Every structure is written in C-alpha cells, then in structure tokens.
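Hi everyone, thanks for coming. I'd like to walk you through a structure that may be new to you, so let's put it on the screen.

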Amino acid sequence: NIKALIADINAYNLSCENSIIINQNEPLSRHTTFRIGGLADLYFIPQNVKSLAYLCESLKKADTPNCL
C-alpha cells in the first residue's frame with residue numbers, strides 16, 4: 001500500500017530530521033545522462049546510509065516494486 005509506505009517514511013523522517021526526501025511524479029529525465037524518462041510515481045532520496053537501509057527495508061515490507 002503506497003499510502004502506508006509514505007506514512008511510514010514520514011514517521012521515520014519525524015524521528016530522524018527529514019533524512020529521506022520523497023518526491024511524487026518526479027520526471028526521471030532530471031536524473032539520467034540522456035535526459036530521457038517518464039514520471040516516477042515516487043522518487044526517494046535518502047540522505048545517508050542508515051536512511052537508505054531503512055528505505056530498502058520499508059519497500060520490501062510494503063512489497064513495492066522499485067529500482068535502485
């Protein structure tokens with residue numbers, strides 16, 4: 001459930017000073033060499049290794065398709 005995943009990440013951010021940025025409908029063209037790509041429903045930017053580990057675990061727990 002995407003809403004539950006976002007709520008989980010937001011709760012984590014409250015306890016860890018916004019260590020995972022969440023962008024919705026992020027154009028992937030901003031992040032590729034050739035400036036191509038459609039919209040990502042959710043685009044997460046972890047600010048440190050601990051946040052990346054938490055994000056990976058949350059995505060797995062929510063059974064959310066993802067690409068790192």
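Let me start with a question: how are α1 and α2 oriented to each other, roughly parallel or roughly antiparallel? Keep that in mind while we look around, and remember that this is a predicted model.

First, the overall layout. The protein has 68 residues, and its secondary structure comes to two helices and two strands. Starting at the N terminus, you go through them in the order α-β-β-α. If you draw a box along the principal axes, the C-alpha atoms fill roughly 35 × 25 × 15 Å. As for burial, 24% of the residues count as buried. And if you take the contacts with a separation of 6 or more, 42% of them come from residues 24 or more positions apart.

Okay, back to the helices. Helix α1 covers residues 2-15 and helix α2 covers residues 49-61. Their axes come within 10 Å and cross at roughly 155°. Anything over 145 degrees counts as roughly antiparallel, so α1 and α2 are roughly antiparallel to each other. The crossing of the two, by the way, is right-handed.

So who's touching whom? On the α1 side we have Leu5, Asp8, Ile9 and Tyr12. They meet a group in α2 made up of Lys50, Ser51, Tyr54, Leu55, Ser58, Leu59 and Lys61. Sort the residues of that contact by type and you get six nonpolar, two polar and three charged.

While we're in α2, have a look at leucine 52, which lies in that helix. Leucine 52 is partly exposed, with a relative accessible area of 36%. Compare its position with asparagine 18: the two are 34 residues apart in sequence, and 13 Å apart in space going C-alpha to C-alpha.

Last topic, the cysteines. How many disulfides does the structure hold? Zero. As a reminder, a disulfide is a covalent bond between the sulfur atoms of two cysteines. So why is cysteine 56 not bonded to cysteine 67? The sulfur of cysteine 67 is the closest cysteine sulfur to that of cysteine 56, but it's 11 Å away, and that's too far for a bond. We'd need the sulfur atoms within 2.5 Å. The two cysteines also sit in different exposure classes: cysteine 56 is partly exposed, at a relative accessible area of 29%, while cysteine 67 is exposed, at 76%.

That's the tour. Happy to take questions.

Technical notes: Residues are numbered from 1 along each chain as its sequence is written. This is a predicted model: local features need pLDDT of at least 70, side-chain atom pairs count only at pLDDT 80 or more; totals for chains, interfaces and linings use all residues. Side-chain values use heavy atoms; hydrogens and water are left out. Axes are lines fitted to C-alpha atoms, for helices over the stretch in contact, and angles run from 0 to 180 degrees between N-to-C directions. Helices (H or I, at least four residues) and strands (E, at least two) are DSSP runs, numbered from the N terminus. Angles under 35 degrees count as roughly parallel, over 145 as roughly antiparallel, 65 to 115 as roughly perpendicular and the rest as oblique. A crossing is left-handed if the near helix is turned anticlockwise from the far one by less than a right angle, and right-handed if clockwise. Contact means heavy atoms within 4.5 Å. Ala, Val, Leu, Ile, Met, Phe, Trp, Tyr, Cys and Pro count as nonpolar, Asp, Glu, Lys and Arg as charged, and the others, Gly among them, as polar. Buried means under 20% relative accessible area, exposed over 50%, partly exposed in between (1.4 Å probe, protein chains only).
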